[in-house]
Amino acid sequence: MSWTNPVPAVGVVCLRGDTVLLIRRGTPPRQGEWSLPGGRIEPGERAMDAALRELREETGVEAEITGLVDVVDGLFPEAGRHHVLIDYAARWLSGEPVAGGDALEARFVALDEVEALVGWDETRRVIRLAAGRGGRAGNITASS
């Protein structure tokens with residue numbers, strides 16, 4: 001198998017009350033699945049700026065970053081892709097979700113629906129971590 005170079009990317013756990021903002025992915029990896037808004041960090045762009053940009057592009061929502069949740073290795077052998085995902089917690093400020101960019105759908109989902117809706121266990125884990133901290137900053141934890 002041939003792997004790509006690791007790609008730096010961001011994800012945003014945007015919380016509004018007892019809901020989290022999710023998008024349905026329009027591109028690989030995990031195309032068609034529900035996930036966090038996010039994407040690649042552009043050259044010269046700060047990770048937090050990339051997180052807020054991707055959130056706006058994919059959902060039209062404005063938020064405030066409240067902390068780092070975790071850094072996750074997204075290893076997708078079927079595509080030979082390795083993404084280093086920097087996941088931030090954020091507090092919703094304004095806007096109702098409208099799918100944009102490479103998102104097929106965007107909506108706030110009740111936290112108790114995440115387990116059934118989100119397919120990737122790492123995404124579910126990161127959402128639980130952020131929600132458990134009330135969306136506040138936390139220490140980096142080791143990924144399994």
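**A cis proline, two nonpolar cores and a pocket**

Proline 29 is found in the loop between β2 and β3. In this predicted model, the peptide bond that leads into proline 29 from proline 28 is cis, with omega near -5°. The loop between β2 and β3 also holds arginine 30, where phi takes a positive value near 60° although the residue is not glycine. Arginine 30 counts as partly exposed because its relative accessibility is 25%. Proline 29 appears again among the contacts of histidine 83, a residue of strand β6. With sequence neighbours within four places set aside, histidine 83 is also in contact with Val7, Ala9, Val72, Asp73, Gly74 and Phe76. Its relative accessibility is 8%, so histidine 83 counts as buried.

The interior comes next. In soluble globular proteins, nonpolar side chains tend to be buried together. Here the largest nonpolar core has 19 residues, and those touching the most other members are Val13, Val20, Leu22, Leu36, Val126 and Ile127. Two or more residues of this core come from each of β1, β2, β5, β6 and α3. Apart from this core lies another, of 17 residues, with Leu21, Ile41, Leu55 and Val61 among them. Valine 13 gives a good view of the packing in the largest core: beyond four places in sequence, valine 13 touches Val20, Leu36, Tyr88, Ala89, Ala90, Val126, Ile127 and Ala130.

Two helices can be followed in some detail. Helix α1 has 13 residues, and its first and last C-alpha atoms are 18 Å apart, close to the 18 Å expected at 1.5 Å a residue. Its buried residues are Ala47, Ala50, Ala51, Arg53, Glu54, Leu55, Glu58 and Thr59. The cover over these buried residues of α1 includes β1, β2, β4, β5, β6 and β7. After α1 comes glycine 60, with a positive phi near 75°.

Helix α3 has 12 residues and spans 16 Å from its first C-alpha to its last, again close to expectation, which is 16 Å at 1.5 Å a residue. Buried in α3 are Glu122, Thr123, Arg124, Arg125, Val126, Ile127 and Ala130. These residues pack against β1, β2, β3, β5, β6 and α2. Val126 and Ile127 of this buried group are also listed with the members of the largest core that touch the most others.

Several residue pairs help to place the strands and loops in space. Proline 8 sits in strand β1 and counts as partly exposed because its relative accessibility is 42%. Leaving out neighbours within four places in sequence, proline 8 is in contact with Arg40, Ile41 and Val84. Ile41 was met above as a member of the core of 17 residues. Glutamate 42, in the loop between β4 and α1, is separated from proline 8 by 34 residues in sequence and by 8.8 Å between C-alpha atoms. Glutamate 42 also counts as partly exposed, because its relative accessibility is 42%. For proline 8 and alanine 110, 102 residues apart along the chain, the C-alpha separation is 29 Å. Another pair involves threonine 66, in strand β5: threonine 66 and tyrosine 88 lie 22 residues apart in sequence, with their C-alpha atoms 7.4 Å apart. Threonine 66 has a relative accessible area of 26% and is therefore partly exposed.

The largest pocket brings many of these elements together. Its volume is about 510 Å³. The pocket is lined by 30 residues, of which Ala9, Arg25, Gly38, Gly39 and Leu85 are the closest to its centre. Elements contributing two or more lining residues are β1, β3, β4, α1, β5, β6 and α3. Strand β6 provides the largest share, four residues. By class, the lining comprises 11 nonpolar, seven polar and 12 charged residues. Ala9, one of the residues closest to the pocket centre, is also in contact with the buried histidine 83. Helices α1 and α3 both give residues to this lining, while each also has a set of buried residues, including Leu55 in α1 and Val126 in α3.

How values were computed: Residues numbered from 1 in each chain as written. Predicted model: local features only at pLDDT ≥ 70, side-chain atom pairs only at ≥ 80, totals over all residues. Heavy atoms only, no water. 1 Å grid on protein atoms, 1.4 Å probe; cavity = no way out; pocket = protein on both sides within 12 Å on 5 of 7 lines; lining within 4 Å. Points joined across faces, edges and corners; volume = space filled by probe spheres on them. Nonpolar A, V, L, I, M, F, W, Y, C, P; charged D, E, K, R; others polar. Expected span 1.5 Å × (residues − 1). Buried < 20%, exposed > 50% of the residue type's maximum accessible area, 1.4 Å probe, protein only. Contact = heavy atoms within 4.5 Å. Core = buried A, V, L, I, M, F, W, Y, C linked by side-chain atoms within 4.5 Å.
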